[in-house]
Amino acid sequence: LRLLVEMASAHVELDTIIYNAAVSACTKGGHWDQALRLMLEMASTHVESDTIMYDAAVSACEKCGQQAQALRFLGEVAWPQHLS
């Protein structure tokens, strides 16, 4: 995640691929809370998320026994975007 911050500080445009890599790293490291935080950050910066991103964030929650967080995330962030 430090690299992500450094990239932003260097004015590198953070896109879906970069965020996907960061969320996947959080998933592998068992950091479900950071994965969801990155998803919220992505939404606030208007970077478009994709199914890879949603899958990684939900997987991070599932691997850490946080199924309720995964459902909340899908209900608040992922699902409403696909209704519009």
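**Pocket**

By class, how many nonpolar, polar and charged residues does the lining of the largest pocket have? I looked this up and found 9 nonpolar, no polar and no charged residues. (Ala, Val, Leu, Ile, Met, Phe, Trp, Tyr, Cys and Pro count as nonpolar, Asp, Glu, Lys and Arg as charged, and the others, Gly among them, as polar.)

A note to self: this is a predicted model, where local features need pLDDT of at least 70 and side-chain atom pairs pLDDT 80 or more, while totals for chains, interfaces and linings use all residues. Residues are numbered from 1 along each chain as its sequence is written, and side-chain values use heavy atoms, without hydrogens and water.

Among the lining residues I noted Leu 1, Met 7, Ile 18 and Cys 26. Helix 2 gives the most to this lining, with 5 residues.

**Core**

Next I turned to the largest nonpolar core, which has 21 residues (buried Ala, Val, Leu, Ile, Met, Phe, Trp, Tyr and Cys joined through side-chain atoms within 4.5 Å). Leu 4, Tyr 19, Val 23 and Leu 38 have the most contacts inside this core. Its largest share, 6 residues, comes from helix 4. (Helices are DSSP runs of H or I, at least four residues, numbered from the N terminus.)

**Cysteines**

I counted 0 disulfides, taking a disulfide as a pair of cysteine sulfur atoms within 2.5 Å. Why no bond for Cys 61? Its closest cysteine sulfur, in Cys 64, is 7.7 Å away, so too far for a bond. Cys 61 is buried at 0% relative accessibility, whereas Cys 64 is partly exposed at 29%. (Buried is under 20% relative accessible area, exposed over 50%, partly exposed in between, with a 1.4 Å probe and protein chains only.)

Definitions and conventions: 1 Å grid on protein atoms, 1.4 Å probe; cavity = no way out; pocket = protein on both sides within 12 Å on 5 of 7 lines; lining within 4 Å. Helix = DSSP H or I, 4+ residues; strand = E, 2+ residues; numbered from the N terminus.
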